[in-house]
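Here's a short tour for anyone meeting this protein model for the first time. Have a look at the picture, then read on.

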Amino acid sequence: FELLLFDDDHRPSNCLLTHKIKREEAQNKATTPSTMMDNNKGQLAVALPSHQPMPLLTKLLFYGVLPIALPVVVSYKMLTDKSYRLTTTSLFSLVNGATKKPCTDEWYFQDVGLLQKLWSLPSAAAYIQKSADTADSSSDDDTPLLEYQVREGYCGSATQRCILKSLGYPSNSIPDQKGGESKPDLWCEHVKQIANESSHGGDDGIETTIVRGSDVTYEEFLSTLRQGLDNPNCRICCNYLRSALTGFEMTGLWKFHPLFFVIKLYGGHFSPILGMIEQDDKEEKDNPFIAIFDTNHKYKGAYFVPCRRLYDAVSSIDVGSKKSRAIILVEKKSV
């Protein structure tokens, strides 16, 4: 129930495109990362997830129970809970503002030039180094360590796998994606447990630091990002309200679903942050572009958002925990 309410990824995978990519990968095993990016508008050739049908019980809940129950619950809370009403009003204002000027419509969002700069950064290159569990250790081929979530509600788990693989943990020792990683505290607890089990206690594990948007100033937020991205042993997970960047995205029949506004206002998302690129405009020197690899394949990989916009998205309140969202620094301890 919580996953349906607080994750904004209810979209099916494209099986035909998945099979096409797999065929192309099989035919081009010797393709270098630069070639993959040149042929993919600057994006890494990350395989699309295979289609995973929604379980019958979940489908009944999502299409039967929730469309009836949620409007009643939300209306009741709006009438009786002042704090909930103020939070919802604030979230609506944030998302509505993004609808008028979504990052997806800006030149920088997936600009090829910026993407080419991104993959030259050490913080992003860490996600395209050779996997620790590559069968052919003599091969010079680099393998993207990023992956998309295989179904809705799995963004937190997909982000864990991306980050752990980039820190050197073998892919086959990390559990498959699952749901349940919907809060920063729980996410940190589980990622540390996975790292410990993956290494069988053979290293010193990882440390996690939660930095909530509402607990820091913008300057502190920016400084934390810079320090984390400059540290070769650190990766950054971002828990944010994506609709604060993209708006309501009112396309297709989905916008008529009773849960549409609920998910857009309350639906948090997890993805890894790959890097930071300074803006050429001197007036924007304190507002660099932040690169996010969106674990939802609908967004086609990495994209850029101004840091101030991301700060607003991370500072948004999660109505479930009544805390703001956060960035999470994941640092591998030195042996």
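Helices (H or I, at least four residues) and strands (E, at least two) are DSSP runs, numbered from the N terminus. This is a predicted model, where local features need pLDDT of at least 70, side-chain atom pairs count only at pLDDT 80 or more, and totals for chains, interfaces and linings use all residues. Residues are numbered from 1 along each chain as its sequence is written, and side-chain values use heavy atoms, with hydrogens and water left out.

**The sheet**

Let's start with the strands. Six of them form an open sheet in the order β1-β8-β2-β3-β4-β5, with antiparallel pairing; two strands pair if DSSP finds at least two bridges between them. At the edges sit β1 (206-212) and β5 (302-306), each pairing on one side only. From one strand to the next, the twist averages 35°.

At one edge, β1 runs antiparallel to β8 (residues 326-332), and seven bridges join them. Val211 stands opposite Ile327 in β8. Over at β5, five bridges join that strand to β4, again running antiparallel, and here Ala291 stands opposite Phe304.

How many residues of β5 are buried? Five of its five are, so to speak, tucked away; buried means under 20% relative accessible area, exposed over 50%, and partly exposed in between, using a 1.4 Å probe and protein chains only. Ala302, Phe304 and Pro306 point one way from β5, while Tyr303 and Val305 point the other way.

**The core**

The largest nonpolar core has 83 residues. Such a core is a set of buried Ala, Val, Leu, Ile, Met, Phe, Trp, Tyr and Cys residues joined through side-chain atoms within 4.5 Å. Leu118, Ile273, Leu274, Leu310 and Ile327 have the most contacts inside it. In soluble globular proteins, nonpolar side chains tend to be buried together.

What does Leu274 touch, leaving aside residues up to four places away in sequence? Its partners include Leu118, Trp119, Tyr127, Leu229, Ala291, Phe293 and Ala302, where contact means heavy atoms within 4.5 Å.

**The helices**

Helix α8 (residues 155-166) lies across β1, β2 (234-240), β3 (269-277) and β8, at about 40° to β3. Axes here are lines fitted to C-alpha atoms, for helices over the stretch in contact, and angles run from 0 to 180 degrees between N-to-C directions.

Elsewhere, helix α4 (residues 56-80) packs against helix α5 (residues 82-100) at an angle of about 110°, with their axes 6 Å apart. That makes the two roughly perpendicular, a label for angles of 65 to 115 degrees, with those under 35 counted as roughly parallel, over 145 as roughly antiparallel and the rest as oblique. Val74, Lys77, Met78, Leu79 and Thr80 of α4 meet Lys82, Tyr84, Arg85 and Thr88 of α5.

**Three lysines in loops**

Here is where they sit.

| Residue | Loop | Relative accessibility |
|---|---|---|
| Lys298 | between β4 and β5 | 33%, partly exposed |
| Lys300 | between β4 (289-293) and β5 | 59%, exposed |
| Lys322 | between β6 (317-318) and β7 (323-324) | 62%, exposed |

Most residues other than glycine have a negative phi, and most peptide bonds are trans. Lys300, though not a glycine, has a positive phi of about 60°, and Lys322 has a positive phi near 60°. As for Lys298, its C-alpha atom is separated by 9.6 Å from that of Tyr148, 150 residues apart along the chain.
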